[in-house]
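The following account leads through a single protein model, from its overall architecture to individual residues. The reader may wish to keep the sequence and the coordinates in view throughout.

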Amino acid sequence: MIVTVEELSQTSLYPEVIAAITRNNPEAAAMQILAAESLCKTYLTKYDLKAAFGDEDTPPTVTSPALKKIVKMIASYYLVRMAAPNVNVELFRDDYLAAMQLLTDIRDGSNSLTELTYPQDDPDTPDIDESNQTGVAWGSNPKRTNHF
């Protein structure tokens with residue numbers, strides 16, 4: 001995880017609010033952070049996700065304060081949706097929508113996170129370029145068959 005429960009409680013939600021929402025279960029807060037990271041990964045597939053998020057064995061090698069903030073905004077909204085004691089839900093919903101718009105802009109190429117890198121090209125597969133260095137994606141529609 002690139003964001004911990006402690007880090008979330010220092011910057012986004014007060015620790016007592018997180019404790020009240022999760023009923024003193026830090027696992028519940030960690031699950032919401034993992035869900036937020038998973039959502040971010042679905043939007044950032046063209047980047048090197050292992051470098052940005054790490055995995056079970058390896059910590060992330062790239063740190064992006066903007067990406068951490070996006071994960072915190074989404075995780076905070078997920079937590080507040082569970083229960084909202086003394087919290088203005090509309091503020092968190094607005095942050096969530098802003099984070100989703102930013103992720104959409106990054107995915108579509110109209111915005112970028114400069115800290116994130118593209119994956120490295122695998123030399124064992126010379127026909128395929130996994131690096132996505134060009135930033136260009138292409139595809140086609142299925143072949144059309146006309147019937148008269």
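A helix is here a DSSP run of type H or I with at least four residues, and helices are numbered from the N terminus. In that sense Ser76 belongs to helix 5, which covers residues 65–82. The model is a predicted one.

The overall architecture comes before the details. The protein chain contains 6 helices and 0 strands, in the order α-α-α-α-α-α along the sequence. Its radius of gyration is 19 Å, well over the 15 Å that the globule rule gives for 148 residues, so the chain is more spread out than a compact globule. The C-alpha trace spans about 60 × 45 × 25 Å along its principal axes. Of the 148 residues, 36% are buried. Among contacts with a separation of 6 or more, 67% join residues 24 or more positions apart.

The surface and the charges may be taken next. The protein chain exposes about 9,700 Å², and carbon and sulfur atoms contribute 51% of that area. The chain carries 12 positive and 21 negative charges, and the mean positions of the two sets are 9 Å apart.

Helix 5 offers a way into the interior. Its 18 residues should span 26 Å at 1.5 Å a residue, and its end C-alpha atoms are 26 Å apart, which agrees. The buried residues of helix 5 are Leu67, Ile70, Val71, Lys72, Met73, Ile74, Ala75, Ser76, Tyr77, Tyr78, Leu79 and Val80. The elements that cover them include helix 1 (5–11), helix 2 (15–22), helix 3 (26–43), helix 4 (49–53) and helix 6 (89–108).

Is Ser76, within this helix, buried or exposed? Its relative accessibility is 1%, and a residue counts as buried under 20%, so Ser76 is buried. Apart from neighbours within four places in sequence, Ser76 is in contact with Leu8, Ser12, Leu13 and Phe92.

A second view of the interior is given by Ala99, which lies in helix 6. With a relative accessible area of 1%, Ala99 is buried. Once its neighbours within four places in sequence are set aside, Ala99 is in contact with Ile70, Met73 and Ile74. Those three residues are listed among the buried residues of helix 5. Ala99 and Leu39 are 60 residues apart along the chain, while their C-alpha atoms are separated by 11 Å.

Leu39 leads to helix 3, where it is one of the buried residues. The others named there are Ala28, Ala29, Ala30, Gln32, Ile33, Ala36, Glu37, Cys40 and Tyr43. Which elements do the buried residues of helix 3 pack against? They pack against helix 1, helix 2, helix 4, helix 5 and helix 6. As for its length, helix 3 has 18 residues that should span 26 Å at 1.5 Å a residue; its end C-alpha atoms are 27 Å apart, which agrees.

The loop between helix 2 and helix 3 deserves attention for its backbone. Most residues other than glycine have a negative phi. Arg23, found in this loop, is not a glycine and yet has a positive phi of about 55°. Asn24 is in the loop between helix 2 and helix 3 as well, and its phi is also positive, near 60°, in a residue other than glycine. What is the relative accessibility of Arg23? The value is 74%, and Arg23 therefore counts as exposed, the limit being over 50%. Asn24 is likewise exposed, with a relative accessible area of 63%.

Two further exposed positions complete the tour. Tyr14 lies in the loop between helix 1 and helix 2 and is exposed, with a relative accessible area of 60%. From C-alpha to C-alpha, Tyr14 and Lys46 are 34 Å apart in space, with their positions 32 residues apart in sequence counted as their separation. Asn141 is located in the segment after helix 6, where its relative accessible area of 69% makes it exposed. The C-alpha atoms of Asn141 and Pro119 are separated by 27 Å, the two residues being 22 residues apart along the chain.

Technical notes:
Residues numbered from 1 in each chain as written. Predicted model: local features only at pLDDT ≥ 70, side-chain atom pairs only at ≥ 80, totals over all residues. Heavy atoms only, no water. Helix = DSSP H or I, 4+ residues; strand = E, 2+ residues; numbered from the N terminus. Buried < 20%, exposed > 50% of the residue type's maximum accessible area, 1.4 Å probe, protein only. Contact = heavy atoms within 4.5 Å. Rg over C-alpha atoms; globule rule 2.2 N^0.38 Å. Areas by Shrake-Rupley, 256 points an atom, 1.4 Å probe, with all protein chains shown as cover. Lys, Arg positive; Asp, Glu negative; His and termini not counted. Charge placed at Lys NZ, Arg CZ, Asp CG, Glu CD. Expected span 1.5 Å × (residues − 1).
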